Amino acid sequence: MHMLSRAYRLAYLAWHTIGQARYPFGPLERIVSDRDRHVRQMVAYAYRWAPYYRETLDRLGLTPADINTADDLRRLPLISAADLQAEPHRFISRQFAPEALWPHHSGGSTGRPHTVWHDRRAIWLSVAHGERETSLHRRVVGQLRRLRVLRLHSPVSSTPTQHAFWPQWGADRRAAGLPPVSMADTTETILAALDARQPDVLNAYGSVLGHLFADAHRRGLAFAPPTMVRYVSDALPDAVRRLLNETYGIAVFSAYQAVEALKLGFECEAHCGYHINADHYAVRIVDEAGDDCPPGVVGEVVVSNLLTRGMVLLNCRLGDRAAWATAPCPCGRNLPLLRLAAGRNIERLYGTDGQPVSIVTFQPPLRNDARIWEYQVTQHALDHISVALVLAPGAAEREVAADLRRGLRAVLGQDMRIDVCPAAELQRTGAGKLRHVIQEVAAPEA
Ligand SMILES: [Zn+2]
């Protein structure tokens with residue numbers, strides 16, 4: 001029985017993978033019509049099975065027939081992680097028994113911790129859609145075979161299904177007998193695993209990869225570089241991306257994933273942003289009033305997941321900041337292109353006048369300085385911050401600190417006390433993510 005169901009799953013996966021590599025290059029009209037058909041199906045499903053949507057449509061005097069396209073989703077209110085955390089049962093489909101659903105937990109470091117329940121069909125179709133990204137990785141690596149992937153596990157990942165279920169199980173099976181490598185392992189341990197396994201692709205959080213390679217380079221440690229690194233979840237500092245490309249010849253690709261939207265988007269060879277899998281994820285960028293931002297203008301990412309029925313998520317705010325690209329991608333893919341602004345909107349400091357300053361505003365002097373590889377800002381008081389830095393080799397601490405104080409005071413106030421402390425290691429969350437901001441000051445306006 002077990003073998004039969006596994007054979008069935010593999011056949012199902014193979015069937016749904018056909019055509020995925022070409023899909024992003026197909027006509028935009030087809031992507032839009034697929035998206036709108038999926039909107040109609042999901043709204044009808046939501047109305048039938050998820051209490052929140054039935055109540056909301058009834059309250060607004062709408063029926064599922066009133067929502068025909070992704071544009072019509074604007075007629076429904078926005079929801080957020082706080083809603084999912086407070087009343088998850090209102091969004092979970094009554095069609096499924098609890099044990100039929102697979103929980104995915106948010107890290108919590110980037111917002112309020114919450115859980116999204118995906119059904120098996122959505123997870124398997126997401127695996128199949130991964131082929132849109134993996135096919136381009138195979139071309140970059142120059143291999144037609146299945147890629148050898150070394151995935152650094154999150155030390156506290158509370159989602160065992162991801163380990164058991166995602167395509168990694170192929171890689172994990174081949175690596176059977178070899179100990180798993182965690183993002184919390186030392187640089188030496190991870191480099192030894194790279195030497196021993198020689199993967200095509202090393203997969204981890206951006207901040208973990210940033211620390212790993214910056215540390216290896218600073219200490220002159222030798223290792224067999226993978227052909228490619230792929231990161232998700234948080235940013236890889238630009239200076240480290242250059243180091244990987246130029247010094248080690250490693251190609252760098254990123255994917256845009258969230259617990260609310262498993263395969264939201266991926267970076268292509270043109271490295272211009274993320275192509276959104278818009279046929280399955282209807283994405284909007286909205287301003288503070290909830291109105292759509294024109295291309296090029298940064299706003300908050302709002303996603304409607306048209307695939308997951310376990311927990312129905314329409315108009316869900318992700319907390320990420322991004323803008324639509326103003327020009328089509330030169331790669332020829334017609335999936336819409338999104339540029340993610342660094343940092344989540346909860347990452348903010350306060351100026352000495354008590355006004356919030358978003359990470360988008362204060363980050364440039366930290367992010368654009370090639371001498372700075374990693375950073376973490378802690379705000380102790382309205383007029384006092386400290387900045388921990390991991391510096392590039394040979395960078396003069398005193399000069400970096402002076403430039404940084406000048407840059408930060410320009411946006412935070414000239415009276416801001418700024419302690420700059422070079423560090424070998426920055427404080428990470430339990431999940432191994434680097435937090436760029438540690439805010440110790442309660443919101444002054446609250
Ligand atoms: Zn592209």
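Two residues count as in contact here if their C-beta atoms, placed from the backbone, lie within 7 Å. Keep that in mind for the close-ups below, which show a predicted model.

**View 1. Helix H14 lies across three strands.** Helix H14 spans residues 397-412 and crosses S15, S16 and S17. Against S17, the helix runs at about 145 degrees.

**View 2. Here's the open, four-stranded sheet itself.** Read across, the strand order is S17-S16-S15-S18, and the pairing is mixed. Strands S17 (417-422) and S18 (437-439) sit at the edges with a single partner strand each, so one side of each has no neighbour in the sheet. On average, neighbouring strands are turned by 15 degrees against each other, ignoring direction.

**View 3. Zooming in, S15 and S16 pair up antiparallel.** Eight bridges link S15 (residues 372-381) with S16 (residues 384-391). One pair to look for is Gln376 with its bridge partner in S16, Ala388. Helix H10 (residues 206-218) also packs on the sheet, where it touches S15 and S16. The direction of H10 makes about 120 degrees with that of S15.

**View 4. Now for the largest nonpolar core, with its 56 residues.** Among the residues with the most contacts inside it are Ala46, Phe91, Ile276 and Tyr281. Helix H2 (residues 28-49) is the top contributor, giving six residues. Leaving out residues up to four places away in sequence, Tyr281 touches Ala261, Leu264, Ile276, Val303, Asn305 and Leu306.

**View 5. A second core stands separate from that one.** This one has 45 residues, including Val208, Leu212, Val377 and Met416.

Definitions and conventions:
Residues are numbered from 1 along each chain as its sequence is written. This is a predicted model: local features need pLDDT of at least 70, side-chain atom pairs count only at pLDDT 80 or more; totals for chains, interfaces and linings use all residues. Two strands pair if DSSP finds at least two bridges between them. Helices (H or I, at least four residues) and strands (E, at least two) are DSSP runs, numbered from the N terminus. Axes are lines fitted to C-alpha atoms, for helices over the stretch in contact, and angles run from 0 to 180 degrees between N-to-C directions. A nonpolar core is a set of buried Ala, Val, Leu, Ile, Met, Phe, Trp, Tyr and Cys residues joined through C-beta atoms within 7 Å. A residue is buried if 20 or more other C-beta atoms lie within 10 Å of its own, exposed if 12 or fewer, and partly exposed in between; C-beta atoms are placed from the backbone.
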